[in-house]
Amino acid sequence: MNGKKLIALALSLCLAGSITACGGSAGTEQKAVSDGGSAKTQLNVATELTSATLDPADDWNSWFVMRWGALETLTRFEDDGTVSPWLAEDWSVADDQLTWTIKLKENVTFSNGESMTATKVQESLERLFEVTDPNKGGNGNPWNYFTYDSISADDEAWTVTIVTSEPTVDLPGCLAYPWYGIIDVAGSADRDIAADGPICTGPYCFVSNDPEHDIQLVKNDNYWDGEVPFETVNVMKLGEASARAMALQDGSADMGINIAASDRAVLENADTYQIDVTGGNRVCNWFINFDGVLGNDTLRKAVMTAIDGQTVCDVSTGGSYTYTNNTPVPGYDLDNPYSYDPEAAKTMLDEAGIVDGDGDGYRELDGKNIDISIVATTSRQQDVIAQAYGVQLEAIGIKSTISMPENVVDLRVSQGFDLMFNNEVTTPTGDPENFLKHWYGKITDTSFNYGNYHNEEYDALYEQLIGEFDTEKRTEIFTQMQEILMEDVATICSGAYNFNLCSAASVEGVHSYVCDYYWVTKDITPAS
């Protein structure tokens, strides 16, 4: 018996007594193993990232509860960016632009066998906002997307009515965000949701979660949307990209998340691996602290002119990013007023009197040596990008210091930086309104307006978005807002992250979606 079958057998035996928590039975799992292993029953996934807890309301953990195939939302994103029904069947908004009626599918069940009624959907959404209420110490994350005056349920009509506090054009897209995944609140009441996960509607449900090692899931026998292809799912945390590639090669993984370009080249030479690379809507951009040294317009624009973003993407990160010409949102492809020209950057600084007055090789501003504080992490090669920027700034006489603190959140809120990394999905609800809200100057909370940027024209354009339901007009406003950010150098965009999923010949149906919420899905099956 080979290693993978031993893993499947051991996992099946140890989970046999736990499957009933998902609505299945121990007998079903034992039967799957007793067939002698002729059919592949376990999906093995190698990942770089896991969640600290399984509570979808806690910080960003909902992403992983969804990524591993447990959590589902009322709507979902297609690869072309459109929003389509998932647990919902349809939706409409009233003339007041506040009242949304969501028609639910009538055949959805949770993993415990309970029907997904309108009341349960109402309870799930209300729990999310209650747990995350910033006025009660919650993280406030979902509140940044929409707030509501009321949520009501009509179980007979299978409808949920949401009355938003203000017009929310992208509400269907908001409901596709993992935070708004639907759980059975009553059915999860006796569970430790953080440790065991909630009762959800997806094809798989959690059995154990060890964030530093592995996560175990089993088939949801009550799944509402067709057959579930695997009896068990084993998610292994392998932080190094090379380790994930090796796991694919030695057969311990069927699917690998984010394989480095060098390792992908090796896999591409073999016919037994499929590599699905997507240039998505996630960017690495750098917030600029306008209350620090980069509040000087000339210095900030010279820094932008000194950065060779194309080479950083293509060479430094090995093609892990696609350069967007400093356009904040991928797909708009706007002209950068300060394209790479180090000699022009030097001239800008010289003419502004920002020169090296003491001969130490570094320029001064207001009689003090410039030392730009760059804060990064190792996630998605931000440290590599920071180091490349440091070298390029050195070439024009600008000193920089790179730090990688354990707690970047506190440093971000206290604005203890000049350049602070950010890695974020720019269109989390289908359009970039919430991403571009980071530079809305009337938000004084530095936990969202990180750089304390202010521009009256930008603020006025952002306010036009509220209540504007015309797609073309919204696109025009988004374009103008980004042009202002690029002219002011309000942010530096390193590029759009190229996400990839690699799979072995043991499985089929692995797809890297533009929106990286969907990793383990019911469409991944054992190979024919």
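Helix 4, which spans residues 118–131, lies across strand 5 (99–104), strand 6 and strand 7, and its direction makes an angle of about 155° with strand 6. This description, like everything that follows, rests on a predicted model.

The strands beneath this description belong to an open sheet of four strands, whose order is 4-5-7-6 and whose pairing is antiparallel. Strand 4 (88–93) and strand 6 (148–154) stand at the edges with a single partner strand each, and therefore one side of each of them has no neighbour in the sheet. On average, neighbouring strands of this sheet are turned by 15° against each other, if direction is ignored. In general, the strands of a sheet pair through backbone hydrogen bonds, and the pairing can be either parallel or antiparallel.

How many bridges join strand 6 to strand 7? Strand 7 covers residues 159–164, and six bridges join strand 6 to strand 7, with the two strands running antiparallel. One bridge can be followed residue by residue, since Ser-152 has Thr-161 in strand 7 as its bridge partner.

Two loop residues can be set side by side in a table.

| Residue | Loop | Relative accessible area |
|---|---|---|
| Asn-141 | between helix 4 and strand 6 | 12% |
| Trp-158 | between strand 6 and strand 7 | 17% |

Are these residues, Asn-141 and Trp-158, buried or exposed? Asn-141 counts as buried because its relative accessible area of 12% falls under the 20% limit, and Trp-158, at 17%, is buried as well. Leaving aside residues up to four places away in sequence, Asn-141 touches Asp-59, Trp-60 and Trp-179. With the same exclusion, Trp-158 touches Ile-102, Lys-103, Leu-104, Lys-105, Glu-106, Ser-115, Met-116 and Thr-117. For one of these contacts, the separation is also known: Trp-158 and Met-116 are 42 residues apart in sequence, while their C-alpha atoms are 9.4 Å apart in space.

A further feature of the model is its second largest pocket, which has a volume of about 440 Å³. Helix 7 (241–250), helix 8 (261–268), helix 12 (382–394) and strand 19 (491–504) are the elements that each give two or more residues to the lining of this pocket. The lining of the second largest pocket consists of 23 residues, and those lying nearest its centre are Glu-48, Ala-241, Arg-244, Arg-380 and Gln-381. Sorted by class, this lining has seven nonpolar, ten polar and six charged residues.

How values were computed
Residues numbered from 1 in each chain as written. Predicted model: local features only at pLDDT ≥ 70, side-chain atom pairs only at ≥ 80, totals over all residues. Heavy atoms only, no water. 1 Å grid on protein atoms, 1.4 Å probe; cavity = no way out; pocket = protein on both sides within 12 Å on 5 of 7 lines; lining within 4 Å. Points joined across faces, edges and corners; volume = space filled by probe spheres on them. Nonpolar A, V, L, I, M, F, W, Y, C, P; charged D, E, K, R; others polar. Pairing = 2+ DSSP bridges. Axes fitted to C-alpha atoms, helices over the stretch in contact; angles between N-to-C directions. Contact = heavy atoms within 4.5 Å. Buried < 20%, exposed > 50% of the residue type's maximum accessible area, 1.4 Å probe, protein only.
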